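Please walk me through this structure, starting from its aromatic residues and moving outward to the strands and loops around them.

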Amino acid sequence: MWTRVLRSRSGLAAAVGACLLVPAAALGTTQPSHRTGLLGTVHRGPIMPVCREGVPCDEPAAGLALLFVRRGAVAARARTDGDGRYRVALAAGRYSVRTAQPTLIGRGVSPPQVTVPAHHFARVNFFVDTGIR
């Protein structure tokens with residue numbers, strides 16, 4: 001039977017394709033699909049020592065690099081745009097989040113941990129404490 005399959009070009013291509021696909025599935029790769037991950041905005045604040053009524057005390061964190069860490073290694077990076085928006089493809093699971101340039105003041109990124117769902121992008125908005133008081 002294999003000789004009949006291998007004699008035709010389409011049969012050979014199908015056999016080779018099947019051989020190439022099986023090892024990847026068997027390895028259980030953790031590469032993120034383009035169907036799962038996170039998106040949202042990042043704000044930072046306070047941006048002044050004394051917040052006043054009617055004046056924003058935080059702002060979009062433009063150009064901020066976020067690191068998504070899993071099992072002690074950086075799984076992905078995302079940089080915010082000018083409006084503080086980000087989008088990152090990640091495999092489903094739990095991640096710690098931090099900025100690429102940690103500051104010595106402030107409390108860091110909130111929430112510090114996130115869970116990526118198995119079948120879609122989840123919206124998670126982050127806040128970075130500047131430490132200004």
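**An aromatic cluster and its surroundings**

In this predicted model, Phe-68, Tyr-86 and Phe-126 are linked into a cluster by ring pairs. By the rule used here, the count of aromatic pairs comes to three. One of them joins Tyr-86 and Phe-126 in a tilted arrangement, with the rings 5.7 Å apart centre to centre and an angle of 45° between the planes. This pair links distant parts of the chain, since Tyr-86 belongs to strand β5 and Phe-126 to strand β10, 40 residues apart.

Both partners of that pair are shielded from solvent: Tyr-86 counts as buried because its relative accessibility is 5%, under the 20% cut-off, and Phe-126 is likewise buried, with a relative accessible area of 3%. Tyr-86 also has an extended list of contacts beyond its neighbours in sequence, including Leu-38, Leu-39, Gly-40, Thr-41 and Val-42, as well as Leu-66, Phe-68, Ala-78, Thr-80, Val-124 and Phe-126.

The cluster residues can next be placed within the nonpolar core. The largest such core holds 21 residues, and within it Leu-38, Phe-68, Tyr-86 and Phe-126 touch the most other members. At least two residues of this core come from each of the strands β1 (37-45), β3 (65-70), β4 (73-79), β5 (85-89), β6 (93-99), β8 (113-116) and β10 (126-129).

Among these contributors, β8 offers a view of how a strand can present two faces. In a regular strand, the side chains alternate between the two faces of the sheet. In β8, Val-114 and Val-116 make up a covered face, whereas Gln-113 and Thr-115 make up an uncovered one. β8 pairs with β6 in the antiparallel sense over four bridges, and Gln-113 of β8 is the bridge partner of Ser-96.

A further aromatic ring takes part in another kind of arrangement, for Arg-87 lies over the face of Phe-121, at 3.9 Å from the ring centre.

Finally, the loop between β1 and β2 (59-60) contains Cys-57. Although it lies in a loop, Cys-57 is buried, because its relative accessible area of 18% falls under the 20% cut-off. Leaving aside residues up to four places away in sequence, Cys-57 touches Gly-45, Pro-46, Ile-47, Met-48 and Cys-51. For one of these contacts, Ile-47, the C-alpha atom is separated from that of Cys-57 by 5.6 Å, with the two residues 10 apart along the chain.

How values were computed
Residues numbered from 1 in each chain as written. Predicted model: local features only at pLDDT ≥ 70, side-chain atom pairs only at ≥ 80, totals over all residues. Heavy atoms only, no water. Core = buried A, V, L, I, M, F, W, Y, C linked by side-chain atoms within 4.5 Å. Buried < 20%, exposed > 50% of the residue type's maximum accessible area, 1.4 Å probe, protein only. Contact = heavy atoms within 4.5 Å. Phe/Tyr/Trp six-rings, centres within 6.5 Å; stacked < 30°, edge-to-face > 60°. Lys NZ or Arg CZ within 6 Å of the ring centre and 35° of its normal. Pairing = 2+ DSSP bridges.
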